[in-house]
Amino acid sequence: MDIGHDLDTFESRRSTVYAPNGVVATSQPLAASAGLAALRNGGNAFDAAISAAAALNVVEPTSTGIGGDAFALYRTADGTVGGIRSCGHAPADATIETVRTRLAVETNTETDSVTMPERGPHTVTVPGTARGWELMVERFGRLSLSTVLEPAIEYAFGGYPVSETIASYWTGAEELFEDANARKAYLFDGQAPKPGEVVRLEALGRTLQTIAEEGADAVYEGEIADAIVDAIQSRGGLLSKSDLASFSPELIDPISTSYGGVDVFQLPPSNQGTIALEALNIASAIDAGDAAYETPDRIHLFAEATKRAFEDGHQYIADPEYEEIPPLNSPSYARQRARSIRPKEATDVSFGIPDSNAEDADTVLVCAADVAGNVVSFINSRFMGFGSGIVAGDTGIALQNRGASFSLDPADPNRLEPGKRPFHTLMPSVVKFARDDWAAFGVVGGYMQPQGQVQILSNLIDYGMDLQPALDAPRWRYRVDGSLGLEARTSAPLQSKLVRWGHDVRVEIPAMFGGAQIARVSDDVLSGASEPRTDGMAIGY
């Protein structure tokens, strides 16, 4: 049953994109075009993903950058399903005691009352992006790193008009950027750019040019590395040159589950992909997908499944080299958790927050597929907007604040420890619908990511929607404070019934419900769709 086009209240008039050779979907049209150019120039989906991601560093600098981390899930043309984790770690000198002491001095507070800040030098972990780009292109692509970086470099030096959504994200950076280097690199006459304003990011362009000419090592061992370390240590932070030089991205095996006969692959901890898998398993155990679509029963059952998955995920997910993590994606475990769900009765389940700042964090996602059968979901983020608020010297690199996800509580699984990777919201996904039917997809937006993925997969699998209608459909989200957010186009009678069942319903604007992308190859036919709540694009050839 294809009910997608019956949901005609959304302003989107997009259609699923079909193409014979390749498709790219991401959150900004210029970046999507950069990915498409890589395909047209003889590259594959891996080249396209990195070219688009690099372009996003320039045309959507509010959400991503070289100073952040990167992850990928992929299916290669020969049938291999795998992942890349290019996630930096805490500095080798970053102990709870050391950071508490320094923060207490900086903030003039008692040491025991100090908590991990939201921004600043102590939130900066080693950036993984550049070496992640390089690994993907060299291991799986057809083009050189310098070639796939060309569009990003061109936009940085030649300039580009800022799109409407990104201009709105940029607003407020005037207050964020206390750092003079940040203001110089990303503000223009002290202001954020307006929609349509042409901007040039020449400092970032020079750094991208250096990476193109010298490789990713330039970020971790050369003058750029010196600038990063100086920016952090001059502000009392602990990141060192050896922290940067010792970093390497990893090829990792994904974890998976089956939902409705479809195999769903996610990254293992310390990423939150396990939450989506557990939620799907619980939803399957209670037959949530059997509920009629436009009913409160569907939202209630999926939301209750998601609550329990968040509670478990936020209790256990941490760096697996430091913590033992139970198999939360096990169907048998999900059946146990499902027993506490009651029809038509909301339950009070703890969100188990590792970091409330992550609820609405900013991220970019690129999904690409080619006719050979490669599909790639690539996600790249500095965590919260421009990250720590610190830009390294004249490099244009805004450094991430992913370390804000650490805790200074010694009993917390995500406690700060030297060399430890933080809890990560980033979760690219690959889906196997059938033997020759694969998709790369994902949803950005902090804790909306697993919730959005569950809803879109259910739309596709349980309700037979095409790609774009599955993304257009109204969404819900379970909030840290226990409320249930709904889009305004969710019917009033449905909202009222959920309230009567005990849900704390709140209506939220569309931008609060994540940004989804999907690229699919099915029997040599390429298709794609892009988030209608942003100014993104799916494009093919």
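**Exercise 1. The second largest cavity**

Which residues line the second largest cavity?

*Solution.* The structure is a predicted model, and a search of the whole of it finds 2 cavities of 30 Å³ or more. The second largest cavity, with a volume of about 40 Å³, has a lining made up of Tyr293, Arg298, Gln455, Ile456, Asn459, Ala470, Ala473, Pro474 and Arg475. Sorting this lining by class gives 5 nonpolar, 2 polar and 2 charged residues. When the lining is assigned to elements, the largest share, 3 residues, comes from α17.

**Exercise 2. The packing of α15 and α17**

Describe how helix α15 and helix α17 pack, going from their axes to their residues.

*Solution.* Begin with the geometry: α15, residues 296-316, and α17, residues 448-461, pack at an angle of about 145 degrees, and their axes lie 11 Å apart. The crossing in which α15 passes α17 is right-handed. Next come the residues in contact, where α15 contributes Phe302, Thr306 and Phe310, which meet Pro450, Gln451, Val454 and Ser458 of α17. Classifying the residues of this contact yields 4 nonpolar, 3 polar and no charged residues.

**Exercise 3. The largest cavity and the largest pocket**

Set out the volume and the lining, first of the largest cavity and then of the largest pocket.

*Solution.* The largest cavity holds about 70 Å³ of space. Among the 15 residues of its lining, Pro91, Ala94, Pro121, His122 and Val124 are the closest to the centre. By class, the lining of this cavity comprises 12 nonpolar, 3 polar and no charged residues.

The largest pocket has a volume of about 370 Å³, and of the 26 residues that line this pocket, Tyr169, Asp362, Val444, Ala511 and Gly514 are the closest to its centre. At least two lining residues are supplied by each of α7 (164-170), β10 (362-370) and β17 (515-522). The class count for the lining of the largest pocket is 9 nonpolar, 9 polar and 8 charged residues.

**Exercise 4. Confidence in the model**

Over which residues does pLDDT stay under 50?

*Solution.* Take the chain as a whole to begin with: the average pLDDT is 94, and 96% of the residues score at least 70. The stretch over which pLDDT stays under 50 is residues 1-9, for which the model has 21 contacts beyond four places in sequence. Where pLDDT is low, predicted coordinates should not be read in detail.

Terms used. Residues numbered from 1 in each chain as written. Predicted model: local features only at pLDDT ≥ 70, side-chain atom pairs only at ≥ 80, totals over all residues. Heavy atoms only, no water. Axes fitted to C-alpha atoms, helices over the stretch in contact; angles between N-to-C directions. Helix = DSSP H or I, 4+ residues; strand = E, 2+ residues; numbered from the N terminus. Left-handed = near helix turned anticlockwise from the far one by under 90°. Contact = heavy atoms within 4.5 Å. Nonpolar A, V, L, I, M, F, W, Y, C, P; charged D, E, K, R; others polar. pLDDT = per-residue confidence, 0-100. 1 Å grid on protein atoms, 1.4 Å probe; cavity = no way out; pocket = protein on both sides within 12 Å on 5 of 7 lines; lining within 4 Å. Points joined across faces, edges and corners; volume = space filled by probe spheres on them.
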